[in-house]
Amino acid sequence: MSDPNRHPSRRDAIRAGLAAGLGLAFSRLPAAAQPGSQDAAGPLITRRIPKTGEALPVVGIGTNQFGVSTPEELAPIRETLQRLPALGLRVVDTARGYGSSEEVIGRIVKEMGLRDRLFLATKYSLGGRGAAPAPSAQEARAGLEQAFARLQTDRIDLMMVHNLGGTETLMPLMQELKQAGRFRYLGISTSSDGQYPALLQAMNDLPLDFIEVDYSIGNRNAEQQVLPAAQEKGIAVLINMPFGGRRASMLTEVAGQALPEFAKEIGATSFAQLFLKYLIAQPAVTAVIPGTRNPRHLEDNAAAARGPLPDQRMRRRIEAFYDGVAKG
Ligand SMILES: NC(=O)c1ccc[n+]([C@@H]2O[C@H](COP(=O)([O-])OP(=O)(O)OC[C@H]3O[C@@H](n4cnc5c(N)ncnc54)[C@H](OP(=O)(O)O)[C@@H]3O)[C@@H](O)[C@H]2O)c1
């Protein structure tokens, strides 16, 4: 049976050289920006996790391309993770299925002493389809335990069932680990509309602190039922694929277009910021987690967590602009 946690990236195959790559000297950390800290664009915007009131910066990072090993590939990842808390950001989203992403993050975070400044979210899946026998609870427990070793931490902020793969088996075990103080929050992720009915059912039936769902200017389906249900039930929401996925399709679609004049009104100086602010303005959203291995892109994305957010009228203007480009 294929491993349900395996991410279909060619980089998964490249493992050798990890230690050598991570052993490169680190440059000095810039001064930390604290949540609420001011810069020219205004204070960092945070949102509260409904179940606890803990505040999180509204922009984090996705790491499904962090499963790399060569020094050349690791250098920008190290710089990106180093910049994250310096920009005031905290949420790092990974998964067992992203090749060596968990291990790369665990190693860099440990070496740089960043653990206490980050909110580490990961995911695990038991699969869910096919004729193979379901893993036993013992195997599932062992799978969950591996996340601590891979991330080199004894406490994981958020553990999610990845794509609802084995929810019935995993959730009771995850609840035990939460009771023991080893997972701080529990959740479920998906990036497929076809799983929304099952996600909505789980939001009804299970004690979820978080969901993670796909939502972007080019795919607004989560607005119909998932986001209102999360808001009603007090479940925090992480937004995956905020640019439409790793091929960054929405940013590709607008490449070559001039940023509309109205973007200035909300302080957006790039399409990435405009599209992230569009999502952050949705009241159910706790944080967006754009994937990047590029420190310059991280800084660009982080700027969406400051300054004005679009009101309903402005959101309609952003939609009209995007729809015009996408359909034209
Ligand atoms: N089912 C699930 O649970 C699920 C599914 C999919 C994703 N996820 C999570 O969500 C995260 C985000 O999704 P994603 O990474 O697939 O897609 P995404 O965030 O929509 O797009 C990522 C792409 O955008 C580019 N990018 C990022 N910031 C940019 C900027 N400021 N300017 C220009 N390009 C920029 C990245 O390239 P560079 O690296 O060059 O910046 C990358 O190619 C993932 O990393 C993963 O953690 C979860």
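**View 1. Contacts across the whole chain, mostly between residues far apart in sequence.** Take the contacts between residues at least 6 apart in sequence: 80% of them join residues at least 24 apart. Keep in mind that this is a predicted model. The chain is built from 11 helices and 10 strands. Of its 328 residues, 44% are buried.

**View 2. The open sheet.** Here 8 strands line up in the order 3-4-5-6-7-8-9-10, with parallel pairing. Strand 3 (61-62) and strand 10 (287-288) sit at the edges, each pairing on one side only. Zoom in on strand 5 (residues 119-124) and strand 6 (residues 156-161), and you find a parallel pair held over 4 bridges. Looking across from lysine 123, you meet methionine 160 of strand 6.

**View 3. The largest nonpolar core, with valine 288 picked out.** This core counts 88 residues, and the ones touching the most other members are Met159, Val237, Phe275 and Val288. Its top contributor is helix 9 (residues 271-280), which puts in 8 residues. Now look at what surrounds valine 288, setting aside residues up to four places away in sequence. Its contacts are Val58, Val59, Ile239, Pro242, Leu276, Leu279 and Ile280.

**View 4. Helix 3, end to end.** Helix 3 (residues 101-112) runs for 12 residues and spans 16 Å from its first C-alpha to its last, close to the 16 Å expected at 1.5 Å a residue. Since 9 of those 12 residues are buried, helix 3 is largely enclosed by the rest of the structure. The buried ones are Ser101, Glu102, Glu103, Val104, Ile105, Gly106, Arg107, Ile108 and Val109. Just after helix 3 comes glycine 113, with a positive phi near 65°.

**View 5. Alanine 95, in the loop ahead of helix 3.** Alanine 95 belongs to the loop between strand 4 (91-93) and helix 3. Buried or exposed, what is alanine 95? It counts as buried, because it has 25 C-beta neighbours inside 10 Å and the cut-off for buried is 20 or more. Skipping neighbours within four places in sequence, alanine 95 is in contact with Ser101, Thr122, Lys123 and His162. Histidine 162 is 67 residues away from alanine 95 along the chain, yet their C-alpha atoms are separated by 7.7 Å.

**View 6. Leucine 177 on helix 5.** You'll find leucine 177 in helix 5 (residues 167-179). Leucine 177 has 18 C-beta neighbours inside 10 Å, so it counts as partly exposed. Beyond its neighbours within four places in sequence, leucine 177 is in contact with Leu144, Arg182 and Phe183. Methionine 159 is 18 residues from leucine 177 along the chain, with 9.8 Å between the two C-alpha atoms. That methionine should ring a bell from View 3: Met159 is one of the core residues that touch the most other members.

**View 7. The shell around the ligand.** There are 31 residues around the ligand, and the nearest are Gly62, Ser189, Asn240, Gly291 and Thr292. How many residues of each class does the shell have? The split is 8 nonpolar, 17 polar and 6 charged. Among the structural elements, helix 10 (residues 295-302) gives the most to the shell, with 3 residues.

Terms used. Residues numbered from 1 in each chain as written. Predicted model: local features only at pLDDT ≥ 70, side-chain atom pairs only at ≥ 80, totals over all residues. Near = placed C-beta within 6 Å. Helix = DSSP H or I, 4+ residues; strand = E, 2+ residues; numbered from the N terminus. Nonpolar A, V, L, I, M, F, W, Y, C, P; charged D, E, K, R; others polar. Pairing = 2+ DSSP bridges. Contact = placed C-beta atoms within 7 Å. Core = buried A, V, L, I, M, F, W, Y, C linked by C-beta atoms within 7 Å. Expected span 1.5 Å × (residues − 1).
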